[in-house]
Amino acid sequence: MAKRKGASQSAAGGVFLVSLGCPKNFVDTEVMAGGLVSSGIRLTFDQEEADTVLINTCAFIPEARDETVDAIMEAIDWKAAGSGRRVVVTGCLIQWDKDQEFRSEFPEVDLWCGVDEVPHLAERLRELRRSPAGALPEVFSCAEPAYLYDETTPRLQLTLPHLAYLKIADGCDNRCSYCSIPNIRGSLRSRSIGSAVAEAENLRRNGVRELIVIAQDVTAFGHDRQDGTTLAGLLRELDRLPGKFWIRLLYTHPAHFTDELIEVLASSNHVLPYLDIPLQHIDDGILRRMGRKVTRGQVEMLLSRLRQAIPELTLRTTFITGFPGEGDREYEALKEFVGRMKFERLGVFAYSPEPNTPAADFPEQVDLEVAERRAAELLDLQQALSQRYNEAWVGRELEVLVDAVEGCRATARSRMDAPEIDNIVTVTASRELRPGGFYKVRITGGDEFDLTAEL
């Protein structure tokens, strides 16, 4: 959100939305937008037309909280530049800030709303607009979030028209020792298969060509239910939907793949041969301390089975360097594993202790500078692997989905690329292509990040 200055008149009464963080959080923003619009509250994409800035926050890691601080400060500057303006902060930050220490630093914020306030947001905004200027800020939060939207919930799609996220669950029961998600989002709560499929049908009818199935752990879908709900069962139902479209899965857990799920992934017509499996580490001792519920042997066996069962599988993963207890031996084992496995897509995070997580109190904490150096080394290694992988595509054909068009050049993605996460394919054509269209292209070039192609 850019800074806006110089306006002194009262704004016209719209709500300007700022969404931070992951796609799961973005779905919450879409649900907020749908609830406001269906309640008669106007949204605006022009901040100067607004009387309220609403920020949906992320608090997962320090960098996310820094981004949240920047957004709040910009909103406070905007508020000071005009009369009758309000700042509302929602989402994960409120759940993370158990002691309200963070909130006390921003008395200019007029309203704080936690995760479970999503369905009540329109009511809260009306109450705020009726309250006198300068009133003490109100805080609406909960110790254990329980909210979960369904197919009947108003939702305003804010992505590109041809792609949409389908959030099938919220919360997490994995309880990895380094992760604050259960403290922020609560325990796992899964939608019914019928609810998720009904929403998918609505999205498809509205022109969506790529459904991105998301949750904190999609492979845990249904574990909290007693009716036999599984991800495999959901994917079977989604695969029966008519028409040409892609289904992409984000955020799976290596401990939760089953024979049935692998069979469904291998035989599906719509599910892409693309899996995001954050492995986090490969050393058995580190995996135990992380609480990952898998061993190195189990990870290697799973990856081998997936490669055999799903031709041309794209594997995306993430690793954490500098976790407590990671010495040179553990790091070298991870580095060797990355070089040998040749993941198509890979990200690395340097570990930093998260408050109120077990790992924050572990002995043998690793210096942040060491963790960051190791992360940079892995990324350099992956960059070289990625360049060789992309160069190997030159001369081959790929199907792509076009996201944006400028004249006879198009920005597209292949089955290997999730939006705003992975690579892009820049397509040159003799005619203008259509956003949301599928096209066959021939790859003409590749670097460490992206591909070029011609129609």
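**Two sheets and two cores**

Reader: In what order do the strands of the open sheet of 5 strands come?
Author: Welcome! This is a predicted model, where local features need pLDDT of at least 70, side-chain atom pairs count only at pLDDT 80 or more, and totals for chains, interfaces and linings use all residues. Residues are numbered from 1 along each chain as its sequence is written, and side-chain values use heavy atoms, with hydrogens and water left out. Strands here are DSSP runs (E, at least two residues; helices are H or I, at least four), numbered from the N terminus, and two of them pair if DSSP finds at least two bridges between them. With parallel pairing, the order in this open sheet is 1-2-3-4-5.

Reader: Which are the edge strands there?
Author: An edge strand of this sheet pairs on one side only. That description fits strand 1 (14–19) and strand 5 (138–140).

Reader: Which residue in strand 5 stands opposite Cys-113?
Author: Strand 4 (residues 111–113) runs parallel to strand 5, and 3 bridges join them. Opposite Cys-113 in strand 5 stands Phe-140.

Reader: What angle does helix 2 make with strand 2?
Author: Helix 2 (residues 62–80) packs on this sheet, touching strand 2 (50–57), strand 3 (86–91) and strand 4; contact means heavy atoms within 4.5 Å. Axes are lines fitted to C-alpha atoms, for helices over the stretch in contact, and angles between N-to-C directions run from 0 to 180 degrees. For helix 2 and strand 2, the angle is about 170°.

Reader: Which strand 10 residue is the bridge partner of Val-213?
Author: Another open sheet has 3 strands in the order 6-9-10, with parallel pairing. Strand 9 (residues 210–214) pairs with strand 10 over 4 bridges. The partner of Val-213 in strand 10 is Leu-249.

Reader: At what angle does helix 7 run to strand 10?
Author: Helix 7 lies across strand 6, strand 9 and strand 10. Its direction relative to strand 10 is about 165°.

Reader: Which helix gives the largest share of the largest nonpolar core?
Author: A nonpolar core is a set of buried Ala, Val, Leu, Ile, Met, Phe, Trp, Tyr and Cys residues joined through side-chain atoms within 4.5 Å, where buried means under 20% relative accessible area with a 1.4 Å probe, protein chains only. The largest one has 53 residues, and Leu-235 is one of those with the most contacts inside it. The largest share, 5 residues, comes from helix 7 (residues 231–239).

Technical notes. Buried < 20%, exposed > 50% of the residue type's maximum accessible area, 1.4 Å probe, protein only.
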